[in-house]
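Subject: Structure handover

Hello,

Here is the structure I said I would pass on. Please open it next to this message and follow along; my notes come after it.

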Amino acid sequence: MQKQDIKNKKHFNRNQGQKNASSTKLNVKQQIKKSKCPISGKCGGCQYIDKTYEEQLALKDKELRNLLGGFGEMEPIIGSDNPYHYRNKVNAAFRRKKSGEIISGTYEEGTHNILPVTNCFIEDEQATKIMSTIRDLIRSFKITTHNEDTGYGLLKHVMIRTARKTGQIMVVLVTASPVFPSKNNFVKALRNVHPEITTVVQNINQKHTSVVLGDRNNVMYGKGFIEDVLCGKRFRISPNSFYQVNPEQTEKLYMKAIEFAGLTGKEVVLDAYCGIGTIGMVASDKAKEVIGVELNKDAVRDAINNAKLNGCKNISFYNNDAGKFMVGMANEGSKVDVVFMDPPRSGSDEAFMSSVMKLAPEKIVYISCGPDTLARDLKYMTKGGKYKVERMVGCDMFSFTQHIETVVLLSRNG
Ligand code: SAH
């Protein structure tokens, strides 16, 4: 971690250097033309790549105030101490060029052209090195890469996940068909160069969609999952389960969400869209009972294991659509004191929202990665004065991009 800090300082110094150099006319021109990332603009990932971190935070803070200011006071955005290389999950598509060279990287925005990524400002640095080794091995093992037009070729994508606190690393090789030639030797060669890899999984994705992972996983080496530690709890993460990509900021986000909930140990808590059970598990020490609901069955399996791993006896998980589950709870007249809700960017559906209103928990802690849908849902919940927004804060989970995470506390009126 310290090493990382020093490295980031170096990056900041370099930025500051650029800023000072911009006092001459020539350098201003150069700076406008040349982004510090060679593929920025085409990749579409980092809209704020050439802004200082302070400028990025100021922009996000302003956007949140514009969008949500009407609901109440926005607390100062929670920034990151290490805005570079935060992404613990790295995905790359693979392709063999006519010259035989193997390239891997991201799709050019709106196209199926692969932009080679050899060095990314936000991706995990170890994952970058592993991707490079995989490119070499694909070539030496003569493994074919998948061509979407002809449907020929094996390797589609590679996903690498790193658990920062435990050092465990998972490599997922996404293939178009189940047969992986010389797979044992491939894994051996990969681990020879990178003994830090703790598990290798083959994921079979025969569908022609933009979704990276298919449903079937064959473990090639290790346990088939990694474990990370967040807020003092241990979490198992399978290839298909959601896990927040910026672990350092996630801890700050979760602690803020739990602070907002003001738990006393007596509450029945619902963790909706719970993933592998992270928020609910961290909250479980301060609650009477926690119920988690999640659509992805692999994530629910991880969540159940995670409860055992952490000795949490007051938590249970349901594999269901959050909206349907809430309708069921509302119809049964269940009593819930606090609802944590952390839906995908599209927000919650009508079934969920109307059932939350019916269940009428004392507090709702809404964690959102989509400020627009958050604004829509807050409007719904505060309409008619049933709920009021008590606290709102942004947390920068995605530096260099324009994405913003927000936590909002709503309390029931009366
Ligand atoms: N709270 C978790 C996960 C948040 S991401 C964390 O912090 O890690 C949103 C989660 O919602 C994902 O795990 C996704 O699988 C799940 N999800 C998406 N649509 C859903 C639905 N309709 N019902 C329940 N869960 C859903």
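Please keep in mind that this is a predicted model. My notes are about one sheet and a helix that lies across part of it.

Start with the hairpin of β3 and β4, which has six residues between the strands. The two strands run antiparallel and are joined by three bridges. One pair to look up is Gly105 and its bridge partner in β4, Pro116. Strand β4 itself covers residues 114–116. In this hairpin, Gly110 has a positive phi near 75°.

On the other pairing of β3, strand β2 (residues 89–96) is joined to β3 (residues 102–107) by four bridges, and these strands also run antiparallel. Here Arg95 has Ile103 of β3 as its bridge partner. Five residues lie between the strands of this hairpin, and Gly100 takes a positive phi near 100°.

Where do these strands sit in the whole sheet? The order is β4-β3-β2-β5-β6-β7-β8, which makes seven strands in an open sheet with mixed pairing. The edge strands are β4 and β8 (216–221), each pairing on one side only. On average, neighbouring strands of the sheet are turned by 35° against each other, with direction ignored.

Which strands does helix α4 lie across? The helix, residues 125–140, lies across β2, β3, β5 (155–162), β6 (169–175) and β7 (197–204). Its direction is at about 25° to β2.

Regards

Conventions:
Residues are numbered from 1 along each chain as its sequence is written. This is a predicted model: local features need pLDDT of at least 70, side-chain atom pairs count only at pLDDT 80 or more; totals for chains, interfaces and linings use all residues. Side-chain values use heavy atoms; hydrogens and water are left out. Two strands pair if DSSP finds at least two bridges between them. Axes are lines fitted to C-alpha atoms, for helices over the stretch in contact, and angles run from 0 to 180 degrees between N-to-C directions. Contact means heavy atoms within 4.5 Å.
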